[in-house]
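Please look over the points below with the structure open beside you. They go from the whole chain down to single residues.

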Amino acid sequence: MKNKHIDIQQAAEYFRDGMTIMVGGFMGVGTPPRLVEALLNSGVKDLTIIANDTAFVDTGIGPLVVNGRVKKVIASHIGTNPETGRRMIAGEMEVELVPQGTLIERIRCGGAGLGGFLTPTGVGTVVEEGKQKLTIDGVEYLLELPLRADLALIQSHIADHQGNLVYQLTTRNFNPIIALAADVVIAEPDSLVAVGDIAPDHVMTPGALIDHIVYPKES
């Protein structure tokens, strides 16, 4: 049985300049705080971050933006973090805005090994710029390409020692989907339990998808 436990210092060994990282969370809710703090403290830069949003200046992935570690953001909105907008307008950081449903579906396609999907969302708007457009039965669609990452950082409420995860309420958000779409997946649970303590029907992300688990803070 593989030992998936690592401490926060070992997790930091996976960080490197220029990598693409998916991070769970909705305005910071469901974002793994210790992993993001370790990413910031590691000093890595030129990151491409794929997330629903950039949270606030002091929460979620906001501090990565504020400290100039991010080269590009792919997100559905940035309005809650004024520093993201400032850096985008100043040309200090690239921002690719993607409709929320389209964003999660692109990630799902990346995890499922699909070549993309067709959606009418964005047709006739700036969203369609640079994208292939197809007409099927008289309806125009945009071809949206899959997204994958080098690393996914996710937060769960409970994990067992094999990485089977349970999320709590809205912290579930993007986390289960991004766990499918990265080469390495590191989970930060609030608590650890023994294998078998989580009923199979309650598992939301199976341990087969999780490469490493960082010890809860109290460990």
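The numbered points below cover the overall fold, the cores and a few chosen residues.

1. Status and make-up. This is a predicted model. The protein has six helices and 12 strands. Residues are numbered from 1 along the chain.

2. Overall dimensions. The radius of gyration is 18 Å. A compact globule of 219 residues would come near 17 Å, so the value agrees with that expectation. The C-alpha trace spans about 55 × 40 × 25 Å along its principal axes.

3. Burial and surface. How much of the protein is buried? Of the 219 residues, 47% are buried. The accessible surface is about 10,200 Å². Carbon and sulfur atoms hold 53% of that surface.

4. Contacts along the chain. Take the contacts in the protein with a separation of 6 or more. Of these, 70% join residues 24 or more positions apart.

5. Charge. The protein carries 17 positive and 26 negative charges. The mean positions of the two sets are 4 Å apart.

6. The largest core. The largest nonpolar core has 30 residues. Which members touch the most others? They are I21, L39, I49, L64, L151, L153 and I186. Elements giving two or more residues to this core include the helices α1 (8-12), α2 (33-42) and α3 (62-66). The strands β2 (20-23), β3 (47-50), β4 (70-75), β9 (149-160) and β11 (182-193) also give two or more. The top contributor is α2, with five residues. Apart from this core lies another, of 22 residues. Among the members of that other core are I74, A187, I210 and I213.

7. Helix α2. Which residues of α2 are buried? They are L35, V36, A38, L39 and L40. An α-helix has 3.6 residues a turn, so residues three or four places apart point the same way. After α2 comes G43, with a positive phi near 85°.

8. I49. Setting aside neighbours within four places in sequence, I49 contacts I21, V23, I61, L64, V70, K72, V73 and I74. Two of these partners, I21 and L64, are listed with I49 among the residues that touch the most other members of the largest core. Another partner, I74, is a member of the 22-residue core.

9. T102. This residue sits in helix α5 (residues 100-112). Is T102 buried or exposed? Its relative accessible area is 4%, so T102 is buried; the cut-off for burial is under 20%. Beyond residues up to four places away in sequence, T102 touches F117, T119, T121 and E144. E140 is 38 residues from T102 in sequence, and their C-alpha atoms are 16 Å apart.

10. Positive phi at D137. D137 is not a glycine, yet its phi is positive, at about 50°. Where does D137 lie? It is in the loop between β7 (133-136) and β8 (139-144). Its relative accessible area is 78%, so D137 counts as exposed.

11. Positive phi at L169. L169 is another residue other than glycine with a positive phi, near 50°. It lies in the loop between β10 (165-166) and α6 (175-178). With a relative accessible area of 72%, L169 is exposed; the cut-off is over 50%.

12. N173. The loop between β10 and α6 also holds N173. Its relative accessibility is 24%, so N173 counts as partly exposed. Which residues does N173 touch, beyond those up to four places away in sequence? They are G24, G25, F26, V29 and G30. N173 and L151 are 22 residues apart in sequence, with 18 Å between their C-alpha atoms.

13. P176. P176 belongs to helix α6. At 17% relative accessibility, P176 counts as buried, because the cut-off is under 20%. Leaving aside neighbours within four places in sequence, P176 is in contact with Y167 and T205. P176 and V166 are 10 residues apart in sequence and 9.7 Å apart in space, C-alpha to C-alpha.

Technical notes
This is a predicted model: local features need pLDDT of at least 70, side-chain atom pairs count only at pLDDT 80 or more; totals for chains, interfaces and linings use all residues. Side-chain values use heavy atoms; hydrogens and water are left out. Helices (H or I, at least four residues) and strands (E, at least two) are DSSP runs, numbered from the N terminus. The radius of gyration is taken over C-alpha atoms; the globule rule is 2.2 Å times the number of residues to the power 0.38. Buried means under 20% relative accessible area, exposed over 50%, partly exposed in between (1.4 Å probe, protein chains only). Contact means heavy atoms within 4.5 Å. Accessible areas come from the Shrake-Rupley method with a 1.4 Å probe; for residues, only the protein chains shown count as cover. Lys and Arg count as positive and Asp and Glu as negative; His and the chain ends are not counted. The place of a charge is taken as NZ of Lys, CZ of Arg, CG of Asp or CD of Glu. A nonpolar core is a set of buried Ala, Val, Leu, Ile, Met, Phe, Trp, Tyr and Cys residues joined through side-chain atoms within 4.5 Å.
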